[in-house]
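Trainee: Please give me a close look at one part of this structure, and show me how that part sits within the whole. I am new to this structure, so I would be grateful for each term to be explained as it arises.

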2 protein chains.
Amino acid sequence: MAVQPRRVCLVGVGLIAGSLGLALKRADAVGEVVGLGRRAEQLARARELGAIDRYSLDPSEALAGCDLVVLGVPLGSVRGVMEQLRPCLDADTVLTDVGSAKGCVVDDVEAALGRFPTTFVPGHPIAGTEHSGVEAAFATLFEGRRVILTPTADTSDDATASVQWMWERAGAEVITMSVEHHDRMLAITSHLPHLLAFGLVDMLSRAPDHEEILRYAAGGFRDFTRIASSDPVMWRDICLGNREAVLDALGGYRRDLETLAELVEAADAEGLEAIFRSAKQTRDAHLHWFER
Amino acid sequence: MAVQPRRVCLVGVGLIAGSLGLALKRADAVGEVVGLGRRAEQLARARELGAIDRYSLDPSEALAGCDLVVLGVPLGSVRGVMEQLRPCLDADTVLTDVGSAKGCVVDDVEAALGRFPTTFVPGHPIAGTEHSGVEAAFATLFEGRRVILTPTADTSDDATASVQWMWERAGAEVITMSVEHHDRMLAITSHLPHLLAFGLVDMLSRAPDHEEILRYAAGGFRDFTRIASSDPVMWRDICLGNREAVLDALGGYRRDLETLAELVEAADAEGLEAIFRSAKQTRDAHLHWFER
């Protein structure tokens with residue numbers, strides 16, 4: 001198995017896989033980038049934009065000769081797609097994905113293939129925007145960003161090295177950790193915030209005068225709710241894919257809101273200020289990590 | 001009483017009053033901008049930055065000859081400051097404030113002066129950043145932004161016209177509405193989101209591995225929590241100043257989170273997607289209002 005893949009197949013060419021294709025081609029990192037998907041129109045557009053060299057709607061045609069396959073499909077489609085790919089996979093084809101939750105990917109791949117293959121490296125680029133689709137893709141999306149790989153006990157070091165090499169060529173910094181650790185961390189910093197933002201805008205949308213209320217919303221509201229413009233299907237899949245960790249994080253947060261409500265109710269100025277101050281200090285002290 | 005004030009006194013020259021001073025002076029809108037405060041060092045800095053022409057620590061000296069007084073102090077200081085200003089106010093000095101909640105300002109002004117004066121126009125510029133202090137002030141902060149004035153039944157039309165004139169010269173669009181309507185709307189679009197963001201970062205800061213968790217936070221988390229870098233004392237005062245409307249909004253939101261938790265728990269894909277989709281549609285449809 002080549003540590004440096006020469007032909008890469010992107011399965012589902014949306015924002016993430018499309019940006020990866022653009023980045024790999026800009027870096028002249030691989031010989032060919034092939035697109036596989038269900039909609040010819042979207043794949044033709046991806047080729048037009050330069051994210052892929054050619055495409056096919058047929059898995060066996062697309063995967064022929066590919067040494068690395070990247071699943072860019074929503075989490076909810078991983079199992080079905082893997083079942084379709086199964087007959088076309090060589091024993092040494094390296095596989096990876098870009099899903100925001102990793103435990104469910106491991107489970108779905110195992111269910112689709114019968115066992116978890118040594119060549120599968122679950123992955124998650126910590127990058128993206130609230131937009132989706134290949135039209136929103138750009139070659140520098142991963143520059144200076146982190147990609148978390150969560151190889152399982154079954155994953156071979158060679159497979160992990162191939163995927164790491166690919167992401168580094170796309171400009172990213174690669175880190176490895178366990179599936180469980182990834183899922184717990186991301187539940188707090190990403191999945192819970194999305195749920196909270198969707199929830200707030202949904203609550204607002206049910207107010208009879210929500211049009212007027214939104215008219216007087218300012219920059220704070222705009223930024224706080226930016227992630228509520230994200231793809232509903234993708235985030236439905238993430239929340240359900242990482243269900244237990246999301247429920248844990250949401251439960252902790254709901255207990256915190258109960259405390260906050262009690263402090264406001266009791267007009268406890270000191271208690272409120274202490275919480276606000278601790279939050280500001282934590283955020284300001286770590287700004288440099290996420291402003292990059 | 002002049003509709004166009006010639007000498008303006010800024011009481012407390014921080015981000016908002018400082019930016020107002022810069023804007024009025026850039027527009028050459030008034031003859032003189034005087035600063036009044038407790039800290040000579042901060043006032044000297046405000047003069048250096050061009051936000052005020054001169055300053056004093058003495059209310060009677062600062063207010064002499066001023067036809068418009070703008071309170072730029074935190075909500076929690078309004079009552080105490082008005083008690084100090086009381087002996088120095090002429091019957092026709094127009095007064096306004098910039099606080100993010102208005103019911104508590106009306107109550108505090110009434111308590112300080114014995115009755116709510118016809119010359120007081122409660123106001124709230126929908127502008128600001130997560131930074132504070134005169135160092136963060138800039139002349140264009142109010143350009144294209146909305147300022148909400150909430151004149152009471154006692155407030156004279158002339159006083160309202162003076163304050164409106166001032167904000168328009170600073171580049172803002174002025175809207176008037178009732179105190180109650182303002183406080184309910186802002187509780188939802190501003191006060192609640194701040195409480196939620198402070199709460200999330202505070203929860204995170206109590207996790208033993210919060211340093212590592214924050215290391216993998218991405219742009220979504222950064223934007224969602226930007227407002228948690230806001231001034232803790234200011235937001236403590238706002239949450240308590242607008243206590244009832246904030247509790248209402250928080251109560252509604254907590255019920256919504258209960259629903260969301262039930263949907264995740266039950267793995268109700270349709271139910272989750274419906275909420276996420278409605279939120280995205282509402283936000284996308286009204287983006288043009290708050291992206292300005």
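## From the whole to one sheet

Mentor: A turn of 180 degrees, with a shift of 0.0 Å along the axis, lays chain A on chain B with an RMSD of 0.0 Å (copies are superposed by least squares on the C-alpha atoms of residues with pLDDT of at least 70 in both). The two copies are thus related as by a two-fold rotation axis. The residue of chain A that comes closest to this rotation axis is A:Phe224, its C-alpha lying at 2.1 Å. Of the interface residues of chain A, 100% are also interface residues in chain B, so the copies meet through the same surface.

This is a predicted model, in which local features need pLDDT of at least 70, side-chain atom pairs count only at pLDDT 80 or more, and totals for chains, interfaces and linings use all residues; side-chain values use heavy atoms, with hydrogens and water left out. Residues are numbered from 1 along each chain as its sequence is written, while chains are lettered from A and ligands numbered from 1 in the order in which they are written.

Chain A is divided into domain 1 (7-177) and domain 2 (182-290), with bounds that come from an automatic or database domain assignment. The centres of domain 1 and domain 2 of chain A, taken over C-alpha atoms, are separated by 30 Å. Between them, 17 residues of domain 1 of chain A are in contact with 14 residues of domain 2 of chain A (contact means heavy atoms within 4.5 Å).

The part to examine closely is a sheet of chain A. It is open and consists of three strands in the order 7-8-9, with mixed pairing. Here helices (H or I, at least four residues) and strands (E, at least two) are DSSP runs, numbered from the N terminus, and two strands pair if DSSP finds at least two bridges between them. Strand 7 (123-125) and strand 9 (173-176) of chain A are the edges; each has a single partner strand, so one side of each is left without a neighbour in the sheet. On average, and with direction ignored, neighbouring strands of this sheet are turned by 20 degrees against each other (axes are lines fitted to C-alpha atoms, for helices over the stretch in contact, and angles run from 0 to 180 degrees between N-to-C directions).

Strand 8 (residues 146-149) of chain A runs parallel to strand 9 of chain A, and four bridges join the two. One of the partners in strand 9 of chain A is A:Thr176, which is bridged to A:Leu149. Helix 6 (residues 157-169) of chain A packs on the sheet and touches strand 7, strand 8 and strand 9 of chain A, its direction making about 170 degrees with that of strand 8 of chain A.

Chain B allows a further look at these elements. Strand 7 (residues 123-125) of chain B pairs with strand 8 of chain B in the antiparallel sense, over three bridges; B:Pro125 has B:Val147 in strand 8 of chain B as its bridge partner. Strand 8 of chain B is also joined to strand 9 (residues 173-176) of chain B, by four bridges and in parallel, and B:Ile148 stands opposite B:Ile175 in strand 9 of chain B.

In a regular strand, side chains alternate between the two faces of the sheet. Strand 8 (residues 146-149) of chain B is covered on both faces: B:Arg146 and B:Ile148 on one side, and B:Val147 and B:Leu149 on the other, are all buried (buried means under 20% relative accessible area, exposed over 50%, partly exposed in between, with a 1.4 Å probe and protein chains only).

The loop between strand 8 and helix 6 (157-169) of chain B contains B:Thr150. B:Thr150 is buried, with a relative accessible area of 0%. Apart from its neighbours within four places in sequence, B:Thr150 is in contact with B:Lys102, B:Pro122, B:Met177, B:Ser178, B:Val179 and B:His182.

Charged pairs complete the picture. Over all chains, the structure holds 38 salt bridges (a side-chain nitrogen of Lys or Arg within 4 Å of a carboxyl oxygen of Asp or Glu). One of them joins A:Glu48 and A:Arg45, at 2.5 Å from N to O. Both residues lie in helix 2 (residues 40-48) of chain A, three residues apart, about one turn of the helix. A:Glu48 is exposed, with a relative accessible area of 61%, whereas A:Arg45 is partly exposed at 28%. In chain B, the side chains of B:Arg206 and B:Asp202 meet in a salt bridge at 3.0 Å, N to O, and B:Asp202 counts as buried at 8% relative accessibility. Salt bridges that share partners also join A:Arg236, A:Asp237, B:Glu273 and B:Arg277 into one network.
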